[in-house]
Amino acid sequence: MNVRINDICEAIEQWAPRGLAYEWDKPGLSIGEPGAAVRKILVCLTVTREVYQTARKAQANLVVSHHPFIFEPLKNLRSDDPHTRLCLDFVHAGIACYAAHTNLDVVPDGVSGVLANALELLNPKPLFTVNHAAMLKLVTFVPESHLAYVRDAVSEAGAGIIGEYTHCSFSTPGVGTFKPSSKANPFSGQKGAVNEEPERRFETLVPKARLAQVLKALISAHPYEEVAYDLAPLENRDTTVSLGIKGTLKAPMRLSAFAHMVKTALRLNHVRMAGTPKRQVRTVAVLGGAGGSEVSRIPGDVDVYVTGDVKYHEAQAALLRGLAIIDAGHAGTEKGIVPVMASFLRSRFRGLPVAAYNEAECFTVID
Ligand SMILES: [Zn+2]
């Protein structure tokens, strides 16, 4: 099997398009040759020296992480700086580094989706809309005979999703005109003459982050040599993506019991809890990673917020609003994505070895 690094990047970005990452983020390939063949992949949460050593030992030549390895711009490549030294070690060992970060946070079945599944939340709904998840209207003109084929192709590439409905589109009949030059190779009609062709005007919604793959599918499915299409920006936002998830527990339970449940479900040594242990909780908001700064935006009907990296004053502000907090740690709320990414890659690239790196807890609790 000849899989290139670029093939891996493209597959992950079909799931988590890079255009869904926040502007400040640095997802993508940070080290490596995009055209190089992949021997073995090691998936991890954060690129560390232990990850580098594990990749070398396993003879993996691509590390796929959640956190970007190079985040702050490098000022030099000195080997006496621990981070740039690690960068150089990856380069010298021929091991590439790729990250899917905030783009993987916001997609369905991404970081918060995995967290919500682990806690068995029912009726999961978006917690916060993602303002940069813009939508476009795609309009194209298709001969009747190919309408269903084109519709299915663009829909399977990510167009036409509204809530639980896929393949959403609208079409109206009309007449297209065109005059092919002597060099053209028209699907129908005569060269050098103005032709009229019965067509359907087909329109559908496209998430901007998936535009490239939708246009690729359109052009490959459409029978015409030159495909006429219009793209118009919309005020609509892509509601299939969200920062965090809100859902409910099967039945109300005490906050302290829920905290234990989170600890067990996420296989952690400890979690931190803020709130009255005996209070009943049922509506839960989850946000994998550093979610402390979002406390003030959590909707009023949420009983408890599960996230990581919550500061003292953020927890106090939550308690003042009647919101309980379970801080299950930054890595604790994100590490569930590592085996999910690894199985995604295994199913997309059958036969390619993919290992998942099980990160040790960063902090040790001293009682
Ligand atoms: Zn994170």
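**Salt bridges, ring pairs and domains in a predicted model**

Lys250 and Glu120 form a salt bridge in which the closest N and O atoms are 3.8 Å apart. Since Lys250 belongs to strand E10 (residues 243-254) and Glu120 to the loop between helix H5 (111-118) and strand E5 (122-128), the pair ties together parts that are 130 residues apart in sequence. Lys250 has a relative accessible area of 62%, so this residue is exposed. The structure described here is a predicted model, and the contacts below are best read with that in mind.

A good place to step back is the chain as a whole. The chain has 367 residues, of which 46% count as buried. Its secondary structure consists of 10 helices and 15 strands, and the C-alpha trace spans about 85 × 50 × 40 Å along its principal axes. The domain assignment gives domain 1 (5-103 + 336-356), domain 2 (108-129 + 242-327) and domain 3 (134-237). Taken over C-alpha atoms, the centres of domain 2 and domain 3 are separated by 43 Å. Another separation is seen for Lys40 and Glu314, which are 274 residues apart in sequence and 42 Å apart in space, C-alpha to C-alpha. Lys40 is found in the loop between strand E1 (28-31) and strand E2 (41-44). With a relative accessibility of 22%, Lys40 counts as partly exposed, as the cut-off for buried is under 20%.

Returning to the charged side chains, the count of salt bridges comes to 14. One of them joins Arg272 to Asp327, with the closest N and O atoms 2.7 Å apart. This pair links distant parts of the chain: Arg272 is in strand E11 (residues 272-274) and Asp327 in strand E14 (residues 324-327), 55 residues apart. The two partners can be described by their accessibility as well. Arg272 counts as partly exposed, at 47% relative accessibility, whereas Asp327 is buried, with a relative accessible area of 7%.

A further salt bridge brings together the side chains of Asp80 and Arg78, at 2.6 Å from N to O. Here Asp80 counts as exposed because its relative accessibility is 56%, while Arg78, at 47%, counts as partly exposed. Salt bridges also connect Arg49, Arg85 and Asp89 into a network.

Aromatic side chains provide a second set of contacts, and the count comes to seven aromatic pairs. In one of these, the ring centres of Trp15 and Phe344 are 4.7 Å apart and the ring planes lie at 40°, so the pair is tilted. The pair links distant parts of the chain, with Trp15 in helix H1 (residues 5-15) and Phe344 in helix H10 (residues 337-348), 329 residues apart. Both Trp15 and Phe344 are buried.

The rings of Phe187 and Tyr224 are likewise a tilted pair, because their planes are at 45°, and their centres are 6.0 Å apart. This pair, too, links distant parts of the chain: Phe187 sits in the loop between strand E7 (170-178) and strand E8 (195-207), and Tyr224 in the loop between helix H7 (211-221) and strand E9 (229-237), 37 residues apart. Phe187 counts as partly exposed, with 41% relative accessibility, whereas Tyr224 is buried at 14% relative accessible area.

Some rings have charged neighbours. Tyr22, Trp24 and Phe71 are linked into a cluster by ring pairs, and Lys26 lies over the face of Phe71, 5.3 Å from the ring centre. In another such arrangement, the charged end of Arg297 sits over the ring of Phe128, at 3.9 Å from its centre.

Nonpolar side chains appear at the surface as well. Ile219, Tyr229 and Leu231 make a nonpolar surface patch of about 250 Å². Of these residues, Tyr229 is found in strand E9 and counts as partly exposed, at 32% relative accessibility.

Key:
Residues numbered from 1 in each chain as written. Predicted model: local features only at pLDDT ≥ 70, side-chain atom pairs only at ≥ 80, totals over all residues. Heavy atoms only, no water. Phe/Tyr/Trp six-rings, centres within 6.5 Å; stacked < 30°, edge-to-face > 60°. Helix = DSSP H or I, 4+ residues; strand = E, 2+ residues; numbered from the N terminus. Buried < 20%, exposed > 50% of the residue type's maximum accessible area, 1.4 Å probe, protein only. Lys NZ or Arg CZ within 6 Å of the ring centre and 35° of its normal. Patch = residues over 30% accessible without salt bridge, like charges linked within 9 Å, V, L, I, M, F, W, Y side chains within 5 Å. Areas by Shrake-Rupley, 256 points an atom, 1.4 Å probe, with all protein chains shown as cover. Salt bridge = Lys/Arg side-chain N within 4 Å of Asp/Glu carboxyl O. Domains from an automatic or database assignment.
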